[in-house]
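Me: I'd like to learn how to read side-chain contacts in a model like this one. Could you walk me through it?

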Amino acid sequence: MNQPDSRQELVKALVATGREDRAAFRQLYALTSARLFGVCLRICRERQAAEDVLQEVYAIIWRRAGAYEPGQASPFAWLATIARNRAIDYHRALGRRPTTSWDNMAEPAAPSRLALDTMLLDEEER
């Protein structure tokens, strides 16, 4: 499938999800879950954490999809921003949790804004 068709399909699924269309939400998940998991994994650095964050990301998407405006942002950039922000929030929360397994580990640095912008542009081009 070429990119314009893929992008249009993603826009349609996201807009329909905003109208609480469950079939569109399933399609949105099928179209984006692998790439959004990659965003979460790069930030969380652990598979289980990335899976947990991704589940939260799709709950957020379900609640906020109605706010997506196709003319304002590319659909994947909008979704990836949610994933990125949730993964960063996860790391911040980890720093406040008293756990023995993490006590001696430094908190991973958040990716730079330039690196994230570059990543999102690369994803959008693919």
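Reply: Gladly! Let's begin with salt bridges: a pair counts when a side-chain nitrogen of Lys or Arg is within 4 Å of a carboxyl oxygen of Asp or Glu. Keep in mind that this is a predicted model.

Me: How many salt bridges does that rule give here?

Reply: The count is 3. One of them joins R47 to E51, with the closest N and O atoms 3.2 Å apart. Both residues belong to helix α3, and their spacing of 4 residues is about one turn of the helix.

Me: Is R47 buried or exposed, and what about E51?

Reply: Exposed means a relative accessible area over 50%, so R47 qualifies at 54%. E51, at 32%, is partly exposed.

Me: Which salt bridge connects two helices?

Reply: Look at E56 and R86, whose side chains meet at 2.4 Å, N to O. E56 is in helix α3 and R86 in helix α4, so the pair ties together parts 30 residues apart in sequence. E56 is partly exposed at 32%, while R86 is buried, with a relative accessible area of 18%.

Me: And where do D89 and R92 lie?

Reply: Both are in helix α4, 3 residues apart, again about one turn of the helix. Their closest N and O atoms are 3.9 Å apart. D89 is partly exposed at 36%, and so is R92 at 47%.

Me: Back to α3: how far does the helix reach from its first C-alpha to its last?

Reply: The 18 residues of α3 reach 25 Å, close to the 26 Å expected at 1.5 Å a residue. Its buried residues include V53, L54, V57 and Y58.

Me: How many aromatic pairs are there?

Reply: There are 4. Among them, F25 and W62 have ring centres 5.1 Å apart and planes at 65°; over 60 degrees counts as edge-to-face, so that is the label for this pair. The contact links distant parts of the chain, with F25 in helix α2 and W62 in helix α3, 37 residues apart. Y68 and W78 are also edge-to-face, at 5.4 Å centre to centre and 65° between the planes. Here the link runs from the loop between α3 and α4 to helix α4. Y68 is buried at 5%, and W78 is buried at 18%.

Me: Which residues form one aromatic cluster?

Reply: F25, Y29, Y58 and W62 do. For a last ring contact, see R35: its charged end sits over the ring of F76, 3.8 Å from the centre.

Note on methods
Residues numbered from 1 in each chain as written. Predicted model: local features only at pLDDT ≥ 70, side-chain atom pairs only at ≥ 80, totals over all residues. Heavy atoms only, no water. Buried < 20%, exposed > 50% of the residue type's maximum accessible area, 1.4 Å probe, protein only. Expected span 1.5 Å × (residues − 1). Phe/Tyr/Trp six-rings, centres within 6.5 Å; stacked < 30°, edge-to-face > 60°. Lys NZ or Arg CZ within 6 Å of the ring centre and 35° of its normal.
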